[in-house]
Amino acid sequence: MTPFEMDAIREKHPWNLREQVATMLDDWKEKNSNRATKAILVEALRRCKMNHAADAVESIQPSSQ
């Protein structure tokens, strides 16, 4: 995701961090289709030193739908 795309999302949802994150994740998943996996997300978060977020993602269990 480019800085321009991230700025556009921030402007669209200026006071709602949860919505910003959800929109960014949706965009990432759409652009990366089969490469947008939980493992890839966790790896990227760890590379950014966002270990707490990576731990939270790892703890999410898949839905049983």
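Helices here are DSSP runs of H or I, at least four residues, numbered from the N terminus. With that settled, I read the elements of the chain from the N terminus on as α-α-α-α.

**Entry 1: overall layout**

I'm working from a predicted model, so I keep that in mind throughout. The tally of secondary structure is 4 helices and 0 strands. I put a box along the principal axes, and the C-alpha atoms fill roughly 30 × 25 × 20 Å. The chain has 65 residues, and buried ones make up 18% of them. I also checked the surface: about 5,600 Å² is exposed, with carbon and sulfur atoms supplying 57% of that area. Then I looked at contacts between residues at least 6 apart in sequence; 6% of these join residues at least 24 apart.

**Entry 2: the largest pocket**

Next I went looking for empty space. Rolling a probe the size of a water molecule over the atoms shows where such space is left. The largest pocket holds about 950 Å³. I found 26 residues in its lining, and Val21, Leu25, Trp28, Leu41 and Leu45 are the closest to the centre. Which elements give two or more residues to this lining? They are α2 (17-32), α3 (38-47) and α4 (51-59). The largest share comes from α2, which puts in 9 residues. I sorted the lining by class and got 18 nonpolar, 3 polar and 5 charged residues.

**Entry 3: the nonpolar core**

Nonpolar side chains tend to be buried together in soluble globular proteins, so I looked for a core next. The largest nonpolar core I found has 5 residues: Leu41, Val42, Leu45, Ala54 and Val57. Both α3 and α4 give two or more residues to this core. The most comes from α3, with 3 residues. Leu41 and Leu45 turn up twice in my notes, since they belong to this core and are also listed among the residues closest to the pocket centre.

I picked Val42 for a contact check. Leaving out residues up to four places away in sequence, Val42 touches Ala54, Val57 and Glu58. Ala54 and Val57 are fellow members of the core.

**Entry 4: Thr23**

Last stop was Thr23, which sits in helix α2. Is Thr23 buried or exposed? I count Thr23 as buried because its relative accessible area is 15%, and the cut-off for buried is under 20%. What does Thr23 touch, not counting residues up to four places away in sequence? I get Ile9 and His13.

Technical notes
Residues are numbered from 1 along each chain as its sequence is written. This is a predicted model: local features need pLDDT of at least 70, side-chain atom pairs count only at pLDDT 80 or more; totals for chains, interfaces and linings use all residues. Side-chain values use heavy atoms; hydrogens and water are left out. On a 1 Å grid over the protein atoms alone, a cavity is a set of points where a 1.4 Å probe fits but cannot get out, and a pocket is an open set with protein on both sides within 12 Å along at least five of seven lines; lining residues have an atom within 4 Å of a point. Grid points are joined across faces, edges and corners, and a volume is the space filled by probe spheres set on the points. Ala, Val, Leu, Ile, Met, Phe, Trp, Tyr, Cys and Pro count as nonpolar, Asp, Glu, Lys and Arg as charged, and the others, Gly among them, as polar. Buried means under 20% relative accessible area, exposed over 50%, partly exposed in between (1.4 Å probe, protein chains only). Contact means heavy atoms within 4.5 Å. Accessible areas come from the Shrake-Rupley method with a 1.4 Å probe; for residues, only the protein chains shown count as cover. A nonpolar core is a set of buried Ala, Val, Leu, Ile, Met, Phe, Trp, Tyr and Cys residues joined through side-chain atoms within 4.5 Å.
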